[in-house]
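Colleague: I'm new to this one and a bit lost. Could you take a close look at one spot for me, and then work outwards from there?

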Amino acid sequence: MQAIELLAIVVLLPFLAAPFAAWGARFNRFAAAWVAGGATLAALALFAALVYAYGDVMPVATSHAWIESAGLSFGFRLDGLSMMFAGLILVIGLLIVIYARYYLSPSDSMGRFFAYLLMFMGAMLGVVLAENLINLVIFWELTSLASFLLISYWQHRKEARYGARLALAITGAGGLALLGGVLILGHIVGSYELSDVLAAGDLIKNHDLYAPALILILLGVFTKSAQFPFHFWLPNAMAAPTPVSAYLHSATMVKAGIFLLARFFPALAGTDLWVGIVSTAGLITFLLGAYTALFRHDLKGLLAYSTISHLGLITLLFGFGTPLAAVAGIFHILNHATFKASLFMVAGIVDHETGTRDMRRLGGLIKFMPHTAALGIIAAMAMAGVPLFNGFLSKEMFFTESMRVAGSMGPVWLLPILVSLGGLLSVAYSLRFVHDTFFGKLDGDLPKTPHEPPGMMKRPVDLLVILSLAVGILPALVIGPLLHVAVTGVLQGEPPYYKLALWHGFNLPLLMSAVALGGGVVLYLLRRPVFRWHGRSLAHLDARVPYNRLMELLMRSGAGATALIDNGRLGRLVIVTLGFALGAGLLGYLLPQTLAPVRNAIEHASAADSGDWVTVFAIALIVLATLVTTVWHRQRLFALITMSVVGLGVAMLFARFSAPDLAMTQLSVEVVTMILLLLALFYLPQQSRALSSPARRWRDAGIATALGAGIAAFTYAIISRPFESISGYFLEQSVPGGGGHNVVNVILVDFRGYDTFGEITVLALAGLGIFAMLKGLSLPASRRDPFGRPWSDDPHPLLLRTFTQILLPLTLLFGIYVFLRGHNQPGGGFIAGLIVASALIAQYMANGIETAERKLRLPIHGILGAGLLIALGTGLTSMVFGVPFLTSAFTHLDLPVIGDIEIASAIAFDLGVFLVVVGSTMLILLNLGRLTDHAVDHPDYTAIESSHTDAGTRREADA
Amino acid sequence: MTNIALSLLIGMLTGAGVYLVLRAQTFPVVLGLTLMSYGVNLFLFAMGRLKTAAPAVVGAVEHPTDPLPQALVLTAIVIAFAMTAFVIVLALKARAALGNDHVDGVHIPQADRLLDRSEEPRA
């Protein structure tokens, strides 16, 4: 194994640590923070080692086959871009962990918080390090889910729940669009591996499907990175705890979209369509965010809109589509991450120590928390783009790029003016953030008396602010190498020439910066009239309003559509379902191209079909029994008996048409079904009341006849035409491959053993479910039959007792015989299980449950469990021998006296089937029988029941 | 001739099952489901075509019948039994909880009193 495979560990480590964080918090709430910090640190150390080892040979990628048919592999990639982002995610993640450890109050669950945070971190790492695009989309969706959990962390708050739902709806929808885009991309390139996609830029851009792929991918990008018109989820996500906002909205979640722009830059960028969509969305977002940020009173609200604005700026840069703009974009991603994380953490400290984030109440805090104020001021200056701070450098590059491309985007003066305006607005809101919080008058009655926070809460901010200054003053030294590597990763080639320096001489971009700075200060000084104007004109615009309307409409029409099909009544549901089936069948039948073959089959078949009058007569008898059951179904006991005639007739048909296994199964199932329904009938009314009007009965009869006729025609059309079976394989391989002559049984326990395993599990679950439902149930039961005659009092007739006693060993022996011969002759586990179960049930019926239990001492749950375990064990044993689950093996044994016998491992599996069938049948019938002990006998009960339901049904008919 | 008769039988079983499933009380619905499952099992079985005296046992006859639908139907029969049991027990549970055997779950408070469990929470 190559060391680069360890990249997967970097991604998986946070996921693996998440449960430990949640679990550790049960013993000590700070244990969660230690686990989170330790895991992040370990992932960071491993990642650093990998970067050190492979830094020179980037890009490197690993890939393991996962679901090859879907183009899905499990692979990771290390190049400049993924290195930069993974580094950001881990480093800022570590700082956030430290900060959150002090931020969360004792009433907040630390375990839950850090578990979510770790899951989110792992998902983000997965996005940026993914090599396979589908893999990337999966991690992308995981970030949406994890951020949903983080935003809704304070679940008791309504706005937290709303914000989380909003974020999930928007980013989740974008994720779907992204999946679509990626699938198209994979279709164009013929591979989902990033290395292939990035190398196929020209192919993609000239393909007919380029436009849909680009638009779908951009939908994913814009929703995630809060670009106009999807920006409005981000401010609502501020309901999250501040460490979450600091993490999600500075370095991670919202940057995932930007990451994707950079990731696909070589493959998708540079076309007119790209420039048109991306730069327009970026520019609008840049200006709208900056404008709105100025008027937010909430510290975090201001930061949220400023984040939107800066994301717009970066998007705009990538939208220019030139390599130099990409350099500026990457540089600004780094800078924005540092100063925005600091600012969110400062806002959190202010909130934590004063109890409010409202800038109308805050002020003058510099006296109480000078250290925090210094941090806030420096970070805000970086955000405003003041010289000596990192934000200045990337903004200069941004202005320079805007000048360069201005000519190709509208009038040459338009773009420079608009971006200067954006810069001006960001100066104004940065000034407001600083001035309204740390200077000016303090509102006397703050919820808390402000003071400096614990030292460790400031350390992460200290570090980021120092970094921001260092980059701002000595850019080439501090950030130059990293930027170079990252840009190489974006462009997948040597970056163009650019110079990182504080001073570029007097030029137009510098003038734009000066205008922005000066204008921003002036705008802030004139804030009162500006605020008044805003309040009168634009303040009421809210993108959430149309969103909420849309959601409401969706919910209402959803509920309406559901009510149309499901009005809470079974009848409606059945009719809708069957009506649909009938309609689909009729449509298919009436279409001219299907009609001819069907007619053809019908005409041709009757000649080939020989008349077999005995069988036809038997079938006519079953038809008659069915008819009687249906017409006289209200006499329930009578209907049950006639229905058993139908069941026995079906068993005879199976026997007639070469299916001895089915005949035996049907016969024994018929026995247990009748016992079951007779038992159940004891607790139900003996007669059905006439609840439906004659009109309704005729309507139902019409539907039933139409469906029955349709099914009959359908069946006839199929069975009378020639066909080629796939069973040849099973018939040929049964003896050499499965070691058995009874092909039906070999299919069950060998070829399709996995299906059978699923089926016996269902059987066991049904038995257990019934056991659970019947526990502690008491039911009304009548002591008389429908005609007023009392049931027989003799509980355990002597004759029955004696006969079952004699029959028991015989039946058991017969069951074992049927089981053992099953692999070569008709029989097997299912049939033997049913036979044995009915023999045992007869004992219970003859002797009473308690006596029989004393005599037999059957551990029924044990039998059931043993059966499942044996079946599972047989399957697993084959895995021990290195062959797939449930592969069977067989051998011939030459025993003295008995002679040559064939032993197949499948017989062990069949034993499991046998035990499960015995266990669940007994479990069902015995527990139903046991209810007699709790039966309540009340003469009035039936009267009330019938009067009430009749009335209820009449009301229903009227309605 | 046999094909026509069997097709009609399957249609008849389905139709009768549908009619009973559309009744308003639980027991007939369970009867209907059972009839329908007879019909479905026969339908699946018939997909392998009807052959007499040709069981799918290797060496018994030269041209055995199709074993695959048989294997499917065999498990279907057993599962149908388990499902019938589950549904009928559900019906019993509903009667105990609601005081009647109507399929739409109409609750009768007086029945609770007669069973002397008015204190119990409604299921």
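Modeller: Sure, with one word sorted out beforehand: a residue is called buried if its relative accessible area is under 20%, exposed if that area is over 50%, and partly exposed in between. Keep in mind that this is a predicted model.

The spot I'd pick is A:Val918, which sits in helix H39 of chain A, the stretch from 906 to 930. Its relative accessible area is 5%, so A:Val918 counts as buried. What does A:Val918 touch, leaving aside its neighbours within four places in sequence? The list is A:Gly833, A:Val836, A:Ala837 and A:Leu840. There is a gap along the chain to look at too: A:Gly829 is 89 residues from A:Val918, yet their C-alpha atoms are separated by 9.5 Å.

Now let's work outwards. As a general habit of soluble globular proteins, nonpolar side chains tend to be buried together. In this model the largest nonpolar core has 204 residues, and A:Phe114 and A:Ile330 touch the most other members. Helix H16 of chain A, residues 323-354, supplies the largest share of that core, with 18 residues. Another core lies apart from it, with 120 residues, and among them are A:Leu677, A:Ala680, A:Leu864 and B:Ala82. Back at A:Phe114, again setting aside neighbours within four places in sequence, the contacts are A:Ala21, A:Ala32, A:Ala33, A:Ala36, A:Val97, A:Ala100 and A:Arg101.

Next, a polar residue: A:Asn132, in the loop of chain A between helix H4 (110-129) and helix H5 (133-151). Is A:Asn132 buried or exposed? A:Asn132 is buried, because its relative accessible area is 0%. The side chain of A:Asn132 reaches the backbone nitrogen of A:Asn135 at 3.1 Å. Beyond four places in sequence, A:Asn132 is in contact with A:Gly71, A:Leu72, A:Ser73, A:Gly75, A:Tyr192 and A:Glu193.

Then the rings. Over all chains, the structure holds 25 aromatic pairs. One of them joins A:Tyr153 and A:Trp154, tilted, with 6.3 Å centre to centre and 50° between the planes. Both partners lie under the 20% cut-off: A:Tyr153 is buried at 1% relative accessibility, and A:Trp154 is buried at 11%. A:Tyr729 and A:Phe751 make another tilted pair, at 5.9 Å between centres and 55° between planes. This pair links distant parts of the chain: A:Tyr729 is in helix H32 (728-738) and A:Phe751 in helix H33 (743-751), 22 residues apart. These two rings are partly exposed, A:Tyr729 at 49% and A:Phe751 at 22%. Ring pairs also link A:Phe15, A:Phe74, A:Phe76 and A:Phe139 into a cluster.

Some rings have an arginine over the face. A:Arg527 lies over A:Tyr524, 4.1 Å from the ring centre. In chain B, B:Arg23 lies over B:Tyr19, at 4.2 Å.

That brings us to where the chains come together. Helix H28 of chain A, residues 613-631, has 19 residues and spans 27 Å from its first C-alpha to its last, close to the 27 Å expected at 1.5 Å a residue. Its buried residues are A:Thr615, A:Val616, A:Ile619, A:Ile622, A:Ala625, A:Thr626, A:Thr629 and A:Thr630. What covers them? The cover includes helix H29 (636-656) of chain A, together with helix H1 (2-21) and helix H2 (26-46) of chain B.

And chain B itself? Chain B has 4 helices and 0 strands, in the order α-α-α-α along the sequence. Of its 123 residues, 66% are buried. Among contacts in chain B with a separation of 6 or more, 41% are between residues 24 or more positions apart. To end on a single residue, as we began, try B:Ala91 in helix H3 (67-98) of chain B. B:Ala91 counts as buried because its relative accessibility is 6%. From B:Ala91 to B:Val103 is 12 residues in sequence and 8.1 Å in space, C-alpha to C-alpha.

Note on methods: Residues numbered from 1 in each chain as written. Chains lettered and ligands numbered in written order. Predicted model: local features only at pLDDT ≥ 70, side-chain atom pairs only at ≥ 80, totals over all residues. Heavy atoms only, no water. Helix = DSSP H or I, 4+ residues; strand = E, 2+ residues; numbered from the N terminus. Expected span 1.5 Å × (residues − 1). Buried < 20%, exposed > 50% of the residue type's maximum accessible area, 1.4 Å probe, protein only. Contact = heavy atoms within 4.5 Å. Core = buried A, V, L, I, M, F, W, Y, C linked by side-chain atoms within 4.5 Å. Phe/Tyr/Trp six-rings, centres within 6.5 Å; stacked < 30°, edge-to-face > 60°. Lys NZ or Arg CZ within 6 Å of the ring centre and 35° of its normal. Polar contact = N/O pair within 3.5 Å; in protein donor to acceptor, adjacent residues only side chain to side chain.
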